[in-house]
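Subject: Structure handover

Hello,

Here is the structure I promised to pass on. Please open it alongside this email; my notes follow below.

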Amino acid sequence: MAVWTGCAVLFLESLCPPVNLLSLYKDPHKKFTVFKVIKLTLTDSAGGLGGYEILKLHDADPLLGVEVKFLDVDACHRFLKSYVSGTVRQSLSQHAGRLLAVSHELKVETQLKAGTHTLDLCLDSLEDCLQHIHLSQSARLRDDEIEDLEQQLQNQALGQTPQPPPPPQQDQPLSSVQSFHFQRGVFEDRILTATDVHSFSNGVGRQWKHVGRELAKSCRALKGPAIDNLAYEYEREGLYEQAYQMLSRFTQAEGRAAKLGRLVRALEDCKLNGLAENILGIA
């Protein structure tokens with residue numbers, strides 16, 4: 001019998017101006033505490049540590065997005081009931097007040113989504129919500145940053161002192177930076193940026209499917225019917241949005257492995273060297 005799984009994203013925003021959850025999570029000295037608040041809240045609402053895992057925390061300015069994969073339908077059902085009753089918000093406020101030393105009650109605005117569906121609009125039918133979550137399957141593995149935070153939390157539970165965040169890395173010399181070759185140049189193989197995604201989406205036109213299929217050779221999130229599904233889902237929005245959604249899915253699924261070199265190689269294979277030059281800023 002197949003194991004029930006599903007994914008949802010819980011968006012959080014503090015309504016108290018002095019407390020900005022997204023900013024606190026970005027602070028290396030507060031990141032672990034914010035993660036612990038979220039972990040305790042999910043554990044309360046899902047009925048224990050099992051049945052779910054946090055995959056990634058997203059910067060959805062001004063919101064903090066928590067991507068959760070449910071591994072058990074009962075845990076997901078308990079979470080939804082807690083969300084509907086307001087227990088999730090209450091638990092979050094209590095843990096944040098204690099761990100973040102907030103002197104007053106922390107009021108939090110929440111939104112729950114599964115894929116393109118905003119579940120807040122159908123909370124009167126938990127079965128519909130469960131179905132949307134079940135259909136929202138993520139190919140993403142747990143983010144490295146979340147792995148580190150989970151390990152810190154386990155160490156703390158075992159009585160070990162959490163390690164302070166490492167000092168910011170200094171700029172590496174060019175010789176130690178990963179690079180790739182394109183035409184006659186050598187370029188830093190950095191993680192794709194929002195600007196790269198925009199430039200690609202703006203210039204690729206109808207060829208976005210071909211590029212997507214090249215990327216799919218090494219990206220599970222784009223395999224199978226994923227490309228055609230994106231074309232159908234965003235047909236009304238046009239080619240830019242279709243291309244944007246495809247490359248966004250690639251970057252979200254691959255995380256730190258979503259490198260510029262992989263996109264450039266895919267563009268070369270599709271004979272789109274001109275677009276690669278544009279993204280690389282080659283005159």
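Start with cysteine 7. Its relative accessibility is 4%, so cysteine 7 counts as buried. The closest cysteine sulfur belongs to cysteine 76, 9.8 Å away, and that is too far for a bond. Cysteine 129 is also worth a look. Its relative accessibility is 0%, so this residue counts as buried. The sulfur of cysteine 129 has its closest cysteine sulfur in cysteine 122, at 3.7 Å. That is still too far for a bond, because a disulfide needs the two sulfurs within 2.5 Å. The structure holds 0 disulfides.

Confidence

Bear in mind that this is a predicted model. The mean pLDDT of the protein is 86, and 90% of its residues reach 70 or more. Confidence is highest in helix H5 (residues 126-135), at 95, and lowest in helix H6 (residues 144-157), at a mean of 85. Over residues 171-176 the pLDDT is below 50, and beyond near neighbours in sequence this stretch has 1 contact in the model. Where pLDDT is low, the predicted coordinates should not be read in detail.

The five-stranded sheet

An open sheet holds 5 strands in the order S2-S3-S1-S4-S5, with antiparallel pairing. Strand S2 (52-60) and strand S5 (117-118) are the edge strands, and each pairs on one side only.

Take the pairs in turn. S2 and strand S3 (residues 63-70) are antiparallel, with 8 bridges between them. Leucine 57 has valine 66 in S3 as its bridge partner. S3 also pairs with S1, again in the antiparallel sense, over 7 bridges. There, glycine 6 is matched with phenylalanine 70 in S3 as its bridge partner. S1 is joined to S4 by 6 bridges, and these two run antiparallel. Here the bridge partner of phenylalanine 11 is glutamine 111 in S4.

How enclosed is S1? Of its 9 residues, 8 are buried, so S1 is largely enclosed by the rest of the structure.

Helix H3 (residues 73-85) lies across strand S1 (6-14), S3 and strand S4 (108-114). It runs at about 140° to S4. Glycine 86 sits in the loop between H3 and helix H4 (87-99). With 24% relative accessibility, glycine 86 counts as partly exposed. Its C-alpha is 9.9 Å from that of threonine 110, and the two residues are 24 apart along the chain.

Helix H2

Helix H2 (residues 31-46) has 16 residues. From its first C-alpha to its last it reaches 22 Å, close to the 22 Å expected at 1.5 Å a residue. H2 is mostly covered, with 14 of its 16 residues buried. Glycine 47 follows the helix and has a positive phi, near 85°.

Is lysine 31, which lies in H2, buried or exposed? Lysine 31 is buried, with a relative accessible area of 16%, because the cut-off for buried is under 20%. Setting aside residues up to four places away in sequence, lysine 31 touches Leu24, Tyr25, Lys26, Glu145 and Leu149.

The hairpin

S6 and S7 form a hairpin with 2 residues between them. In the turn, glutamine 183 has a positive phi of about 55°. Strand S6 (residues 179-182) is joined to strand S7 (residues 185-188) by 4 bridges, and the strands run antiparallel. Phenylalanine 180 stands opposite phenylalanine 187 in S7.

The side chains alternate along S6. Phe180 and Phe182 point to one face and are buried. Ser179 and His181 point to the other face and are not buried.

Glycine 238

One last residue to find. Glycine 238 is in the loop between helix H9 (226-233) and helix H10 (239-254). Its relative accessible area is 23%, so glycine 238 is partly exposed. Glycine 238 and threonine 41 are 197 residues apart in sequence, and their C-alpha atoms are 39 Å apart in space.

Best wishes

How values were computed: Residues are numbered from 1 along each chain as its sequence is written. This is a predicted model: local features need pLDDT of at least 70, side-chain atom pairs count only at pLDDT 80 or more; totals for chains, interfaces and linings use all residues. Side-chain values use heavy atoms; hydrogens and water are left out. The expected span of a helix is 1.5 Å times one less than its number of residues. Buried means under 20% relative accessible area, exposed over 50%, partly exposed in between (1.4 Å probe, protein chains only). Two strands pair if DSSP finds at least two bridges between them. Contact means heavy atoms within 4.5 Å. Axes are lines fitted to C-alpha atoms, for helices over the stretch in contact, and angles run from 0 to 180 degrees between N-to-C directions. pLDDT is the predictor's confidence in each residue, from 0 to 100.
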